[in-house]
Amino acid sequence: MNRIKEVLDEKGIKQTWLAEQLGKSYNMVNAYVQNRQQPRLEVLYEIAEILEIDVKQLLQSNKVTK
């Protein structure tokens, strides 16, 4: 799972803008945002660079805490 949607919302950035910056279709970025598809690691780093954040901020842990 990724946190792309949350980060975009926090920064007030639209998916269409991110799609343009990445050179990808809106549908592909929307699939990332909705967690229907996960971006390749290289793309995740590119998204982090575009959004000016650490790539770790785009990742959501799937660990269950006890």
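**Exercise 1.** Work out what share of the residues of this predicted model count as buried, and how much surface the chain exposes to a probe.

*Solution.* Start with the burial count: of the 66 residues of the chain, 33% count as buried, where buried means under 20% relative accessible area. Next, turn to the accessible surface, which comes to about 4800 Å². Finally, split that surface by atom type: carbon and sulfur atoms hold 47% of it.

**Exercise 2.** Describe the secondary structure of the chain and decide whether its radius of gyration agrees with that of a compact globule.

*Solution.* Begin with the elements: there are four helices and zero strands, giving the order α-α-α-α from the N terminus on. Now take the expected value: for 66 residues, a compact globule would have a radius of gyration near 11 Å. The chain has 12 Å, so the two agree. For the outline, the C-alpha atoms fill a box of roughly 40 × 25 × 20 Å along the principal axes. Then look at the contacts with a separation of 6 or more: 55% of them join residues 24 or more positions apart.

**Exercise 3.** Count the charged side chains and find how far apart the centres of the two sets lie.

*Solution.* Count 10 positive and 9 negative side chains. Then compare the centres of the two sets, which lie 8 Å apart.

**Exercise 4.** Place N27 in the fold and decide: is N27 buried or exposed?

*Solution.* First locate N27 in helix 3, which covers residues 26-33. Its relative accessible area is 57%, and the cut-off for exposed is over 50%, so N27 is exposed. Lastly, check its distance to Q15: the two residues are 12 apart along the chain, and their C-alpha atoms are separated by 9.4 Å.

Note on methods: Residues numbered from 1 in each chain as written. Predicted model: local features only at pLDDT ≥ 70, side-chain atom pairs only at ≥ 80, totals over all residues. Heavy atoms only, no water. Helix = DSSP H or I, 4+ residues; strand = E, 2+ residues; numbered from the N terminus. Rg over C-alpha atoms; globule rule 2.2 N^0.38 Å. Buried < 20%, exposed > 50% of the residue type's maximum accessible area, 1.4 Å probe, protein only. Contact = heavy atoms within 4.5 Å. Areas by Shrake-Rupley, 256 points an atom, 1.4 Å probe, with all protein chains shown as cover. Lys, Arg positive; Asp, Glu negative; His and termini not counted. Charge placed at Lys NZ, Arg CZ, Asp CG, Glu CD.
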